[in-house]
Amino acid sequence: MKRYLNFFLGLLVLFGFVSEAGAQKVKHYKQLKYPALREPVVPEPARYELPNGVVLFLLEDHELPIIELSAIVRTGARWEPADKIGLASITGQVMRTGGTTTRTGDEIDDELEAIAASVETFIGGNSGGARVSVMREDVDDVLNIFADVLMNPAFREDKIDLARIQQRDGIARRNDNVLGITSREFTKLIYGGASPYARHTEYETIENITRDDLIAFHRQFYAPNNVMLGIWGDFDTDEMKKKIELAFKDWQRSEIDVPPVPEVPYKFGQRIYFIQKDDVNQTNVRVGHLGGRIDDSDYFALDLASEILGSGPASRMFKNIRSAQGLAYSVGASWGANYDYPGIFQGGGQTKSESSIRFIRAILKEIQDMTESEVTDEELRVAKEGILNSFVFNFDTKGEIVNRILRYEYFGYPKDFLQQYKRNIEKVSKADILRVAKKYFKPDQMVILAVGRAEDFDEPLSTLGTVATIDITIPEPEEVLPEPTEETVAKGKEILADAAEAAGGGRLKALKDITQVGEMSMVTPQGEFAVALESVLKLPLKFRQTMKMPFGEMTMVFDGETAWMKSAQGIQDAPESQKKEIQSSVAREPLYILMNYDLPRYTVQFVKEETVDGTKAHVVLVHDSETDQAVRLFCDSKTNRLVKSSYTAPWMGTPAKMEEFYSDYETVNGITIPFKTLINKDGQKAAETVWTEVKVNAGVTDALFTRE
Amino acid sequence: MRKIPYLLVPLILLALLSTTFGQEDGFKAVEKRIVEFTLDNGLKFLVLPRREAPVVSFVTYADVGSTDDPKGQTGIAHLFEHMAFKGTPTIGSKDFKKEKTAIQKVDRAYAKLKRERLKGEKADAERLKALGEEFEKAQEEAAEYLERDEYSTVIDRAGGVGLNAGTGNDMTVYFYSLPSNKIELWFSLESDRFLNPVLREFYTERDVVMEERRLRIESQPIGKLVEEFLSVAYKAHPYGVSGIGHMSDLQNITREQAEEFFQVYYIPSNLTIAVVGDVDAGEVERLAKMYFERIPSGPKRLPISTTEPPQRGQRRFAIEEQSQRIIVIGYHKESITHKDNAVFDAISDILSAGRTSRLYRSLVRDKKLATIAGGFSGFPGEKYPNLFLFFAFPAPGHTNEECEEAIGEEIERLKTELVDEGTLKKAKTRARANLIRQLNSNQGMAFQLATYEMLTGSWRELFQQLDKINAVTAEDIKRVANEYFTIKNRTVGMIEPASR
């Protein structure tokens with residue numbers, strides 16, 4: 001029975017039968033009257049400017065025995081060179097991890113972690129910064145480390161290498177997560193792929209970054225007059241000011257030339273894009289166009305408009321698309337505004353593949369509706385009250401207060417901007433919202449991006465308009481070949497001449513054909529398995545390879561011009577890509593190179609000495625202009641025999657770093673050849689070939705290379 | 001009259017200022033400020049007044065999680081959590097009497113549709129279509145009485161922030177924060193929610209949950225790995241079953257089942273509520289009695305009796321995904337209340353906290369095999385015996401197996417060498433600092449207090465865990481490593497990139 005009490009009470013309330021319930025009665029929310037909120041004490045951080053230009057904000061907070069610090073530095077990835085994307089981020093990281101001139105990063109780690117303190121530095125898109133957290137009693141030591149890191153970073157090479165590995169890993173993993181793909185690609189569609197606000201790292205841009213670049217980037221931006229510090233916690237303001245002055249006293253002011261904030265050119269228009277992702281059953285959708293800045297006079301009305309449109313459970317998108325239609329777990333929209341460059345107005349979410357187009361239409365409709373009629377009084381009230389009633393949460397921690405004032409000063413906003421925001425929000429009317437929606441939301445000029453499985457869509461994406469497909473294949477790093485000099489070319493040829501001599505000398509020049517029979521074991525996810533292999537090479541250039549597998553025989557033939565495959569299913573022409581790969585594989589065959597490196601098609605140069613499995617080797621880089629590929633030959637400096645070759649080649653469709661290791665040399669008919677070859681792909685064993693029988697100049701006839 | 005609390009504020013602030021954390025009595029002072037009381041119906045409240053700012057955070061911790069999902073209804077605990085935002089008879093409806101009838105009609109239509117659909121290939125296509133339409137129509141009719149999302153809108157409008165909920169294997173938590181003049185709003189809404197929730201728009205919300213499953217599991221390589229991993233690591237205990245639910249279960253759960261689940265598990269003695277912020281404990285108690293004692297008490301359910309049997313041998317698997325490699329390695333261990341739990345916490349710190357941790361230094365810094373590596377205790381929950389989980393993201397060009405071997409070396413080191421004093425001291429220092437830092441967040445503290453209360457039987461454990469970590473010795477670590485980190489007790493799961 002008790003269960004229904006509330007129900008009846010509720011009905012009474014709804015029908016207005018109860019006036020004001022007594023003080024001790026349970027109340028429905030509509031009956032509640034609230035006491036005035038205790039005005040939050042909003043302390044103002046003390047601002048100082050030290051003689052060398054460091055701007056300092058201090059705010060005491062004695063609740064807990066902790067001291068925290070935030071720093072902002074005027075720098076950012078938007079000012080890194082386009083061919084060195086990642087420089088700012090790596091600089092921000094290695095500043096700390098690479099240690100200082102007097103202590104290594106590892107020593108700093110040991111010292112800080114023993115006292116549960118942290119000092120971290122970073123550089124983001126439009127600012128750099130640092131965070132420090134320390135127990136009160138350790139503050140002196142930690143401030144010294146922090147100042148040292150900012151002033152005297154050593155950028156040790158080992159930690160740059162570590163950062164590079166992490167960057168490469170980030171690149172390799174960037175297509176693993178569909179949400180990440182959607183955000184990244186959508187941002188590029190709005191700002192342009194080369195924009196400082198959208199571009200991202202590639203293997204090549206990471207390769208381009210050197211230690212000198214880090215040092216230069218740090219020197220360009222890190223000076224006391226370009227740094228602001230905010231500190232809050234358990235300290236005395238005067239004492240803390242003195243501590244900071246002392247910690248940074250040796251840092252000299254210097255002229256900082258901050259580049260201008262990059263412009264954002266934008267052309268409105270409808271554009272639709274698609275990215276195929278086979279391994280998902282949900283479509284990620286993003287629609288939008290360029291947004292605005294926080295200091296635009298219409299920002300406040302737009303902020304409310306986007307609140308009503310798509311922010312939180314009270315918004316139209318949440319109610320109409322999630323709650324009413326069950327189309328998405330997350331759906332929303334926001335008017336994107338930044339402090340000093342335009343943000344992105346965007347909406348989106350994810351829905352099952354089978355409702356993709358319906359979902360896109362539903363999102364577009366909500367945006368369209370905002371531009372067609374006024375929002376209701378109730379909607380405006382809910383949105384305004386939500387912002388105004390939660391305003392107190394802007395002041396509930398000292399950290400928020402200090403960080404906000406740092407941010408406002410950094411971007412040149414008035415320090416009472418938040419209070420201005422509140423006053424302006426209060427003033428916005430329904431007419432204002434319709435006016436700004438009409439002016440700024442352009443539902444017919446949206447950029448639309450869908451990421452998912454096209455074959456499962458409810459309708460083709462093209463029903464919405466012309467679709468362009470985006471390829472998100474990660475570009476492999478272009479191998480940078482060192483410029484050959486007279487000296488390196490001569491030395492390279494000399495080494496290859498020795499290697500050719502070791503392989504047979506005159507007999508090698510007279511080589512007509514070579515037949516190799518043996519076994520190849522291949523590493524697959526299911527384990528290792530072996531196939532019988534027979535390989536025949538006839539010069540000038542014919543090639544035939546037969547693999548005997550449990551389920552039958554497969555033969556591949558290249559007759560110098562055409563290539564085909566023969567199997568139980570009959571004869572099939574090899575696709576052009578495969579033919580090319582066969583030609584490439586012959587062109588990079590060490591024996592073939594040793595016979596022909598003097599031909600004009602090959603460029604040969606000595607690169608360096610390197611140790612291969614304990615053997616000192618000369619490394620010679622050979623580039624073949626006909627197949628446009630480079631292979632490195634590693635020649636044993638004592639025996640002159642080849643111990644290794646390395647090159648890039650496609651492996652199951654994607655380029656891979658291949659290495660071949662040669663061993664078990666034997667001489668057959670005057671030609672010295674390796675009987676065992678280990679093949680590594682990206683550092684892992686992929687296959688191994690062992691020859692049991694090798695015939696040289698056995699008089700192979702052309703019949704082997706003709707179609708039957 | 002309202003002025004009185006204002007005068008009290010400076011006094012309380014003064015009291016706060018005088019707490020010193022130089023010694024451990026800092027925590028004692030906090031402990032002393034925490035007020036606990038239990039209502040007649042068994043519902044427990046924990047209150048920590050903290051008057052720094054006029055805001056307050058609320059956490060309702062329900063001792064029910066996906067572990068309690070009945071067979072064939074996996075995901076129902078989580079689905080109910082979604083439904084708890086749909087309102088009550090007086091919130092969310094234009095005319096509840098009519099709405100109630102309409103909802104019953106939806107229930108009946110769905111029952112018929114489900115029965116026909118479960119015939120599978122033998123289902124009558126014509127009939128299916130007709131029943132589908134009937135079901136759609138019934139839902140449309142019920143929707144006419146909706147005051148859609150009124151419950152969350154009221155909170156949003158009142159200035160509520162961080163409104164959300166979460167379902168774990170062990171628990172379901174509901175939380176948000178309000179300006180402190182509106183605490184009565186929370187009492188009104190939260191008590192109503194658990195007194196008489198109306199599971200309206202159930203089948204649409206079920207669609208939303210399916211989208212959540214697609215988002216978190218089916219379209220995420222890591223989501224797939226974790227779901228697979230748990231099902232391999234557990235063969236008996238429900239920790240092995242997907243918390244968000246199997247798709248086919250989600251497709252068949254009915255509103256009545258969710259309602260029944262609520263009746264069984266959302267009894268007052270299964271709830272603990274933590275309130276942290278600008279409140280007066282006496283006022284909280286007065287309101288708690290008034291609002292929450294309305295909820296009738298019920299029989300406390302029995303805990304799950306299934307225990308995971310000892311593993312008979314190592315379990316390994318790999319899934320092929322369009323993803324780079326990831327490896328996870330789990331070892332079965334005891335629950336949070338076991339004496340060795342603090343030892344595992346120390347091990348977790350030594351192995352994976354920060355750049356001085358052993359796994360970072362070995363796998364990431366020195367061997368450069370991985371970009372991230374770590375190990376932590378309490379996966380996927382802590383209430384029942386759970387797993388200590390190691391993980392690594394191999395660096396480009398390196399394999400899961402290489403990482404596994406390097407993790408194995410660190411485990412071997414724990415088993416054979418005594419951890420040095422400095423390392424152990426660091427783990428203890430950090431445990432203390434972390435606890436101090438947690439005190440800075442109302443929401444965080446509310447969550448911690450309720451969690452410790454429910455999982456260990458007392459919120460005081462939150463503070464006592466420090467003493468327990470402080471008591472851990474190097475010998476304990478060696479013993480625990482030898483006892484638990486055995487090959488037989490191990491499950492290894494990995495993602496291998498699909499070759500395409």
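**Exercise 1. The interface of chain A and chain B**

Task: State how many residues each chain brings to the contact, then describe the area and the polar pairs.

Solution.
Step 1. Chain A gives 96 residues to the contact and chain B gives 106 residues. The model is predicted.

Step 2. Turn to area. The size of an interface is often given as the accessible area lost when the parts come together. Between chain A and chain B about 8700 Å² is buried. Carbon and sulfur atoms supply 53% of that area.

Step 3. Count the charged pairs. The rule finds 13 salt bridges across the interface of chain A and chain B. One salt bridge joins Arg157(B) to Glu385(A). Their closest N and O atoms are 2.7 Å apart, and the cut-off is 4 Å.

Step 4. Count the polar contacts. Across the interface of chain A and chain B there are 37 residue pairs in polar contact, both residues being at pLDDT 80 or more.

Step 5. Sort the residues. On the side of chain A that touches chain B, 40 are nonpolar, 23 polar and 33 charged.

**Exercise 2. A sheet in chain B**

Task: Which order do the strands of the open sheet in chain B take? Find its edges and the helices that lie across its strands.

Solution.
Step 1. The order is S1-S2-S6-S3-S5-S4, an open sheet of 6 strands with mixed pairing.

Step 2. Find the edges. They are strand S1 (35–38) and strand S4 (161–167) of chain B, each pairing on one side only. On average, neighbouring strands of this sheet are turned by 15 degrees against each other, direction ignored.

Step 3. Take a parallel pair. Strand S2 (residues 44–49) and strand S6 (residues 271–277) of chain B pair in the parallel sense, over 6 bridges. Phe45(B) has Ile273(B) in S6(B) as its bridge partner.

Step 4. Take an antiparallel pair. S4(B) and S5(B) pair in the antiparallel sense, over 5 bridges. They form a hairpin with 4 residues between them. Thr167(B) stands opposite Thr172(B) in S5(B).

Step 5. Add the helices. Helix H3 (residues 76–83) of chain B lies across S4 and strand S5 (172–179) of chain B, at about 155 degrees to S4(B). Helix H17 (residues 442–456) of chain B lies across S2, strand S3 (55–62), S5 and S6 of chain B. H17(B) runs at about 25 degrees to S3(B).

**Exercise 3. A sheet in chain A and a helix of chain B**

Task: Which strands stand at the edges of the open sheet in chain A? Then place a helix of chain B on this sheet.

Solution.
Step 1. Read the order: S10-S12-S8-S13-S7-S14 of chain A, 6 strands with mixed pairing.

Step 2. Strand S10 (331–334) and strand S14 (467–469) of chain A are the edges. Each has a single partner strand, so one side of each is left without a neighbour in the sheet. The twist averages 15 degrees from one strand to the next.

Step 3. S10(A) and strand S12 (residues 344–352) of chain A pair in the antiparallel sense over 4 bridges. Ala333(A) stands opposite Gly347(A) in S12(A).

Step 4. Cross to the other chain. Helix H8 (residues 202–218) of chain B lies across strand S8 (282–290) and S12 of chain A. Its angle to S12(A) is about 100 degrees.

**Exercise 4. A salt bridge between loops**

Task: Why does the pair Lys415(A) and Glu44(A) tie together parts that are 371 residues apart in sequence?

Solution.
Step 1. The structure holds 95 salt bridges over all chains. One of them joins the side chains of Lys415(A) and Glu44(A), at 2.7 Å from N to O.

Step 2. Lys415(A) lies in the loop between helix H14 (398–410) and helix H15 (417–427) of chain A. Glu44(A) lies in the loop between helix H1 (2–14) and strand S1 (46–49) of chain A, so the pair links parts 371 residues apart in sequence.

Note on methods. Residues numbered from 1 in each chain as written. Chains lettered and ligands numbered in written order. Predicted model: local features only at pLDDT ≥ 70, side-chain atom pairs only at ≥ 80, totals over all residues. Heavy atoms only, no water. Contact = heavy atoms within 4.5 Å. Buried area = accessible area lost by both parts, 1.4 Å probe. Polar contact = N/O pair within 3.5 Å; in protein donor to acceptor, adjacent residues only side chain to side chain. Nonpolar A, V, L, I, M, F, W, Y, C, P; charged D, E, K, R; others polar. Pairing = 2+ DSSP bridges. Helix = DSSP H or I, 4+ residues; strand = E, 2+ residues; numbered from the N terminus. Axes fitted to C-alpha atoms, helices over the stretch in contact; angles between N-to-C directions.
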